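Okay, thanks everyone. I've got one structure to show today, and I'd like to spend my few minutes on a single interface between domains. Let me put it up.

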Amino acid sequence: MGLKPLLTKDFHTENLEQLAVYERTGGYAGFKKALEMQPDELVELVKKSGLRGRGGAGFPTGNKWSFLPKGVYPRYLVCNADESEPGCFKDRYLMEKSPHQVLEGILIASYAIGCNLAFIYIRGEYLPQHEALEAAIEEARQAGYLGKNVLGKGYEIDVILHRGAGAYICGEETALLTSLEGYRGEPRLKPPFPAIKGLYGKPTVVNNVETVANLPHIVINGADWFGAMGTPTGKGTRVWCMSGHVNRPGNYELENGTPIRELIEEHGGGVWKNRKLKAFQPGGASMMVLLPEHLDVGLDFDAIQKAGSLAGAGAMVVMDETTCMVDAARRYVKFFHHESCGKCTPCREGTFWMSNLFDRFEAGDAKATDVDLLLDIGYSIDGRSFCPLGDASTWFPRSVIKFFRDEFLEHVSEKGCPFKRTAQEAVA
Amino acid sequence: MALAKGTIEEITTRAARYPSKQSAIIPALWAVQHEQGYVTKDAMGEIAQILALPPSLIEATASFYSMFLTRPEGRHDVVICVNAPCMLRGADEMTAYLGQQLGVRDGQTTKDGAITWHSTIECLGACGGAPMMQVDHHFEENLTPERIDAIIQRLRRGVAPGEGAAGPEHASDRIKPSRSGGEGPSASATEPLRRKSPKRAN
Ligand SMILES: Cc1cc2nc3c(=O)[nH]c(=O)nc-3n(C[C@H](O)[C@H](O)[C@H](O)COP(=O)(O)O)c2cc1C
Ligand code: SF4
Ligand code: FES
């Protein structure tokens, strides 16, 4: 348990983004080894390793690959680099520091699933990372890792870097594929899942940046080595993005199962300004709030779920005792309202009404009964939306109402935000 | 304004790489925005012609994505994040300060045409360096009033007379931003200025 740099092991190496330097740290040895194996062997290896997707849902990567229908070609690999979940900034870091590691992972995955054309869908704001990847792809092409006959082994692969243009929903895999096809980025009905009918109607695997970055290491060191790290159902490491009221925010790669307390107190240097911890939120904007009593929960998909939240995309937002939980929830609700693609009514209208109600609480215009009205709206969105964005827009606010209902009522009785007032009084 | 030859070439090259030319719509919109600073209806018509697709399709796609601008803005874009992780570290205070210093409201352009600023509820993926803002394509992290002052000064200096003329710098403007640090304060203060769009009418 604890810090375990696997993906980030060489990140202190200068110029790691350059091919020669990356190769010196052992780079592309995984892809070379993979090319000596049968694609099926690779799928089995990744299955056996227990690697689960790092994009949010934690789906076993090898299993996802094996869902592709036999004999149907072409098939595509799409690397999801749209990272837009509030609280997350790990993929940006991975792409910028070691674009070749991400690319090598994409090449391994492509070879394993029998794909000759892969895509990277990167969020529009990540321009330096786009540049890093573009340069890496060019270098790799020159070196023969990409092309019509990779390293003389008869394998053909090309990678297209595709830049998004500002839409959180395009991180959802079906919306991403729709967007990649040139349309408005609206989600599609599942099933059929992308593995059966994905990009251009062909079998497609969508994998997150951090997920693919694990692959070179698994190929080199084996499934048992990978499986020895982490927890029985959460192998390996994760890069946690810590933000908010800690002394040292940033990315920390920890072995799965490491207690949350260690992340916040040891690596993050504890809550800033010698204040007390009020709450924290793993996973990202979508996920439920947890309390100091949950500090000893392990950083692991299943453990966090058991505690009442979700590990999601690996965010850790820390909130100290001065935080207005109502305002925190308000920001997320406004975000979901802004990012709702508008395709279905529960999400489009529901996030609008939640957002309005939250504004009323902050402005001091809310009534006590509005707390339950918020919950009612939440129930009419969750489970009734077309895609998980709608559902997830209700999770954090509902969990905040569950644990901090009094704060909502204080906003009513004090006709405004009690926390802002204290802050103003403090400087007065 | 007709599209430059380089832009048209870029669009056709992109289109040839995808299994479906329709996938080149977003890359084409980017190419146009890099050349002209924003995307007009006329330009979308040209994209439609180049790709042999209906103009309505280009317009429907373009209107979905928040990063495509439909009208000219200041020579520099400043976007400050106010989502929860940034709020926790003082994004509201920094937003108020920024607005005060620029003297115009959220969404507006400064009188000298140098800077258009707005706040955003979209997390920009730099919460570890909060509060933060995006200046053109570069992230400025760990903002303080002093840092904001320095950035504004730098942007205003960068558009001094003589520098505003359009040059053949399309390729370098395209994707050559200064690098932002993965963690902690970015080293940007010392990095050279990059203009958002070289061919913008002042
Ligand atoms: C609203 C929404 C946004 C998402 N955003 C992202 C994202 O930015 N990056 C990502 O990798 N996955 C995102 N996902 C998850 C993807 O749909 C998909 O599960 C993931 O990319 C699969 O990769 P993995 O199996 O490697 O985790 C999002 C899902 C939803 C519902
Ligand atoms: S739930 Fe929201 S984001 Fe998802 S399809 Fe419906 S409107 Fe679009
Ligand atoms: S919340 Fe502001 S960058 Fe993430």
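So, here's the interface I mean: domain 2 and domain 3 of chain A bury about 1,100 Å² between them, and carbon and sulfur atoms give 77% of that. Keep in mind that this is a predicted model.

To get you oriented, chain A is assigned domain 1 at 19-228, domain 2 at 231-320 and domain 3 at 325-427. Going by C-alpha atoms, the centres of domain 2 and domain 3 of chain A sit 23 Å apart. Each side puts residues into the contact: 12 from domain 2 of chain A and 12 from domain 3 of chain A.

Now, which three residues supply the most on the domain 2 side? That would be A:K278, A:A285 and A:V289, with 44% of the area that domain 2 of chain A buries against domain 3 of chain A.

A:K278 comes up again when we turn to the polar side of things, since A:K278 makes a salt bridge with A:E407, with the closest N and O atoms 2.5 Å apart. The count between these two domains is one salt bridge, and there are three residue pairs in polar contact, both partners at pLDDT 80 or more.

What about secondary structure? On the domain 2 side of chain A, the elements giving two or more residues are β10 (277-282) and β11 (315-320). β10(A) gives the most, with three residues. And by class, that side of domain 2 of chain A has nine nonpolar, two polar and one charged residues.

That's my bit, happy to rotate the view if anyone wants.

Technical notes: Residues numbered from 1 in each chain as written. Chains lettered and ligands numbered in written order. Predicted model: local features only at pLDDT ≥ 70, side-chain atom pairs only at ≥ 80, totals over all residues. Heavy atoms only, no water. Domains from an automatic or database assignment. Contact = heavy atoms within 4.5 Å. Buried area = accessible area lost by both parts, 1.4 Å probe. Salt bridge = Lys/Arg side-chain N within 4 Å of Asp/Glu carboxyl O. Polar contact = N/O pair within 3.5 Å; in protein donor to acceptor, adjacent residues only side chain to side chain. Helix = DSSP H or I, 4+ residues; strand = E, 2+ residues; numbered from the N terminus. Nonpolar A, V, L, I, M, F, W, Y, C, P; charged D, E, K, R; others polar.
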